[in-house]
Amino acid sequence: MEENSAQQPLLSSIFENKVTDYSNKTPFLISSAKWILRALLWLIFISWAAWIFLYPSNPVSDLNRKWLRATDGTVFGTAGSIFVVYSAPILVIAILGSGYIYLCGKEEIQGKKGSRLPRFRLWTFPVFVEGPFGVVSAAEVIGIVVFTSYVIWATWALTVRNSELVSLFNLPSKQQSVLMLKLTGLRLGLIGLFCMTFLFLPIARGSVLLRLIDIPFEHATRYHVWLGHLTMFLFTLHGLFYAIGWTIEGRLIHQLMRWKNIGVANLPGVISLVAGLLMWVTSLPGVRRLNFELFFYTHQLYVVFVVFLALHVGDFIFCYAAGAIFLFMLDRFLRFCQSRTIVDVVSTRCFPCGTLELVLAKPASLHYNALGWVFLQIRELSWLQWHPFSVSSSPLEGENRLAILIKVLGDWTEKLERRVSAGQGSETECSKITASVEGPYGHESPYHLTYENLILVAGGIGISPFLAILSDILHRINTAKPCLPRNVMIIWAVKTSNELPLLQTVDMDSICPNFSGRLNLEIRTYVTRESEPPLEEGKALIEPVKSAVFTKTSKGCGMSVLVGTGNIIWSGLYILASTVGLVITVAVLNMLYINPYKIESWWYKGLLFLACMVASILLFGGVVIGLWHFWEKNTSLHETDQDPIESGTRDETTDKSGKQQYINTVHYGLRPDFGGIFETVSNRWGNVDIGVIICGPATLQTSVAKECRTQNLSRRSNQAVFHFNSHTFDL
């Protein structure tokens, strides 16, 4: 392949499945529209973020009050004024971002030229590798510093304002202390509300915002965790300061039970805070590891948390964070709609190491990357449990299928293994596996294709996404599609040798015969708990795995395309319709009910606003989802008629010629020496960028990140730059 042939589209064509001509230059109009949208998105985001950051200052606070007074007479009232400033920008960015992502699908990514010098990148340079935050990149350090600075600055500025306000009243010292406590609690609650705006953004799995910045959900969840600790800390202090003040006054119980019509209702706030504290405590690492189901089910209290927060503060204060909550609700409803589809299990395989492979049917119009993953539910096992699994197949292996590998580790996977094993002797039993799927999720662009040099480090079942990467690279080489990787090293650490047959799931010689001239591949496997090869090792590696094929697939039995990471046009229309619907619903409610009947109760108006959010998604967004589903059905029928799902398992034979196209070494009783390996690779590959992707336990991540940092800090001019990328997530 030519060196400059690594151009690739960020997204596939939306409505047509055609091969993009990578040699064509981007049309001028598309490039100009992209530039304008990018500038507009940055302008809106910077203005919105700067306004929130500077809100504690007197000038911005005065401007905010003037804005509220100037727009108070509109049909939307004070709540509408606050929504425009603090929530609408998020929704506008999501809508415009949909158009930007669509235009990016029409443009090629320029491949990295060979003469380009390697450089460090903020997102892939690990700064901290140990501690409570885990592995933290330079970009994440900047984000932590910014948020910490904001909280410190806001607390200081608002405390100064509180002191000035208290000094205006000629009160006894005790009453001054009580007033200061209440004002401090009020300010901390407001800061917590601003932090909550960012809290809900990372957990919208198919969010357009995450697609826009190309941060997948499994990475964004750690930001949700960090922000969750910060937000709940502020809300806890908010409630604590008020409780102390009420205790000094001798009215604690009375105030906790108070539910005012005009003003903040205390009792809903207490209920919301209790729900938040339960979620916070059960999400702590120790509790979560001890009982994951307790964490999962307790986290469903977010509904109670949000509803009673709206009752606590009313509609206009709730509008400070309503935009982010609305985007989360949009994603949650879309996930619910997708999960209602029953997905066919095309085939199953059981490996001797206690690993299962499920091949799921999907429509050709549903695209994913080799580093994608899905949430899976098996209804015969549980109606409530959803488990995430990495995709182990390349999107180029077949348009109508998606494979996942499942390691048998707990009760749920053990039950699944028993059901799969029973079904391998009877097609009737196999048909009883009823799967529901959410996803696929993952990076917007296949970033593994942006490196000429790759080191893939896996621990145990962590090899699953790298099998997909390897298959993807080989398919691209074989079909002459853009593919930048030239040097690939796989480092795989396993406990026992019975896991080695997992490599057989990728029949490299069948996918791409004679690939050695275009890809330098080396696989180093470390069997840590065996000092020498077992006597039956040779037999185990070629022994056929148990498999079953389910051939009775019906039309429309694939995964639903109703997912936020799917068709960007439909996703954008869904957000746009729901947002417009929210504006219309609130306007009609104000004109026909709230204003004519002079509804003044804060808690009631907060409940009505929340009801408008739900109604706009169900009614206006539901229409788009219905049309989207209708389009999916028509497309699936056409695909089924023209390109039916093929049943069967992949060939597991080895190269009959016996020609070894890659280096494959197995080390027994050893663990990878990343220092020696990285040093050797750096000297061998020279002054280049090396993408290091890790999928494995936290200890493995720490070791690899530490070595990447060490190599980069001690790097000489003729050595490589290592870019750390983690594919491990803890949901």
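## Salt bridges

In this predicted model, a search of the whole structure finds 14 salt bridges. Side chains of opposite charge can pair when their charged atoms come close.

One of these pairs joins Arg222 to Glu140, with a distance of 2.9 Å from N to O. Arg222 belongs to helix H8 (residues 217–249) and Glu140 to helix H5 (residues 138–167), so the salt bridge ties together parts that are 82 residues apart in sequence. The two partners can also be described by their accessibility. Arg222 counts as partly exposed because its relative accessibility is 23%, whereas Glu140, at 10%, counts as buried.

## A network around Arg335

A salt bridge also forms between Glu438 and Arg335, whose closest N and O atoms are 3.3 Å apart. This pair links distant parts of the chain, since Glu438 is in strand E10 (residues 435–441) and Arg335 is in helix H14 (residues 322–339), 103 residues apart. Glu438 and Arg335 are both buried.

The two residues are also members of a network of salt bridges, in which Arg205 and Asp331 are linked with Arg335 and Glu438.

## A buried pair

The side chains of Arg349 and Glu357 meet in another salt bridge, at 2.6 Å from N to O. Arg349 and Glu357 are both buried.

## Nonpolar cores

The largest nonpolar core of the model contains 115 residues. Met196, Phe318, Leu360 and Leu376 have the most contacts inside this core. Helix H14 gives the most to the core, contributing ten residues.

Leu376 illustrates how such a residue is surrounded. When neighbours within four places in sequence are left aside, the contacts of Leu376 include Leu358, Leu360, Ile404, Ile406 and Val437. Also among its contacts are the residues Trp386, Phe389 and Trp412, together with Gln385, His387, Ala435 and Ser436. Apart from the largest core lies another one, of 41 residues, which includes Phe351, Leu467, Tyr668 and Ile693.

## A nonpolar patch on the surface

Nonpolar residues are also found at the surface, where Leu573, Leu576, Val580, Ile584, Val588, Met591 and Leu592 form a patch. Together these residues have about 600 Å² of accessible area.

One member of the patch, Leu576, is located in helix H20 (residues 568–594). Leu576 counts as partly exposed because its relative accessibility is 36%.

Note on methods. Residues are numbered from 1 along each chain as its sequence is written. This is a predicted model: local features need pLDDT of at least 70, side-chain atom pairs count only at pLDDT 80 or more; totals for chains, interfaces and linings use all residues. Side-chain values use heavy atoms; hydrogens and water are left out. Patches are made of residues with over 30% relative accessible area and no salt bridge: like charges are joined within 9 Å, nonpolar side chains (Val, Leu, Ile, Met, Phe, Trp, Tyr) within 5 Å. Accessible areas come from the Shrake-Rupley method with a 1.4 Å probe; for residues, only the protein chains shown count as cover. A salt bridge is a side-chain nitrogen of Lys or Arg within 4 Å of a carboxyl oxygen of Asp or Glu. Helices (H or I, at least four residues) and strands (E, at least two) are DSSP runs, numbered from the N terminus. Buried means under 20% relative accessible area, exposed over 50%, partly exposed in between (1.4 Å probe, protein chains only). A nonpolar core is a set of buried Ala, Val, Leu, Ile, Met, Phe, Trp, Tyr and Cys residues joined through side-chain atoms within 4.5 Å. Contact means heavy atoms within 4.5 Å.
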